[in-house]
Amino acid sequence: MKGSRFAFQTPPSGEWDGVIHCQVLEIVPNERLAYSWKSGVETDAGYVSRLDTVVDWTLTPHDLVTHLKIVHSGFVLPKNEVAHKGISSGWPR
């Protein structure tokens, strides 16, 4: 449901508690899911620097298969460069 909140937990690092706070921004059943992705701390310039991003999942039917497109946007470079590289390498897995 739009507005619903949820969180992911990963191991803490430095001052960061490891929590990724999310809120559903848009749902179109069988087509799209978009949610905010907020984490990190202002005082860190590395992996756990403050993130305020959006993850967008889009499903597109094509013949007998469905294509999945994931876009994680809103990174501020170079501030979020370490997080961007780490997160970007994880999505294909």
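Visitor: What is the relative accessible area of Phe-8, and how should such a value be read?

Guide: Residues count as buried under 20% relative accessible area, as exposed over 50%, and as partly exposed in between, with a 1.4 Å probe and protein chains only. Phe-8 has a relative accessible area of 36% and is partly exposed. The model is predicted, so local features need pLDDT of at least 70 and side-chain atom pairs count only at pLDDT 80 or more, whereas totals for chains, interfaces and linings use all residues. Residues are numbered from 1 along each chain as its sequence is written, and side-chain values use heavy atoms, without hydrogens and water.

Visitor: How many aromatic pairs are there, and how is a pair recognised?

Guide: Rings of Phe, Tyr and Trp (its six-membered ring) pair if their centres lie within 6.5 Å; planes under 30 degrees apart are stacked, over 60 edge-to-face, and the rest tilted. The count here is three aromatic pairs. One of them joins Phe-6 and Tyr-35, whose ring centres are 5.3 Å apart and whose planes stand at 70°, so this pair is edge-to-face. Because Phe-6 lies in strand 1 and Tyr-35 in strand 3, the pair ties together parts that are 29 residues apart in sequence. Phe-6 is partly exposed at 31% relative accessible area, whereas Tyr-35 is buried at 4%.

Visitor: Which geometry do the rings of Phe-8 and Trp-37 adopt?

Guide: The ring centres of Phe-8 and Trp-37 are 5.6 Å apart and the planes meet at 40°, so the pair is tilted. Phe-8 belongs to strand 1 and Trp-37 to strand 3, so this pair also links parts 29 residues apart in sequence. Trp-37 is buried, at 10% relative accessibility. Phe-6, Phe-8, Tyr-35 and Trp-37 form one aromatic cluster.

Visitor: In what order do the strands lie in the sheet?

Guide: Strands (E, at least two residues) and helices (H or I, at least four) are DSSP runs numbered from the N terminus, and two strands pair if DSSP finds at least two bridges between them. In this model five strands form an open sheet in the order 1-2-3-4-5, with antiparallel pairing. Strand 1 (5-9) and strand 5 (65-73) are at the edges with a single partner strand each, so one side of each has no neighbour in the sheet. The twist averages 25° from one strand to the next, taken between axes fitted to C-alpha atoms, with angles from 0 to 180 degrees between N-to-C directions.

Visitor: How many bridges join strand 1 to strand 2, and strand 3 to strand 4?

Guide: Five bridges connect strand 1 to strand 2 (residues 19-28), where Arg-5 has Gln-23 as its bridge partner. Strand 2 pairs with strand 3 over seven bridges, Ile-27 being matched with Leu-33. Three residues separate these two strands in their hairpin, and Asn-30 takes a positive phi near 65° there. Eight bridges join strand 3 (residues 32-39) to strand 4 (residues 51-62), with Ala-34 opposite Asp-56.

Visitor: Which elements supply the largest nonpolar core?

Guide: A nonpolar core is a set of buried Ala, Val, Leu, Ile, Met, Phe, Trp, Tyr and Cys residues joined through side-chain atoms within 4.5 Å. The largest one has 12 residues, including Tyr-35, Trp-37, Leu-51 and Phe-75. Strand 2, strand 3, strand 4 and helix 1 (81-90) each contribute at least two of its residues. Beyond its neighbours within four places in sequence, Phe-75 is in contact (heavy atoms within 4.5 Å) with Leu-51, Thr-53, Asn-80, Ala-83, His-84 and Ile-87.
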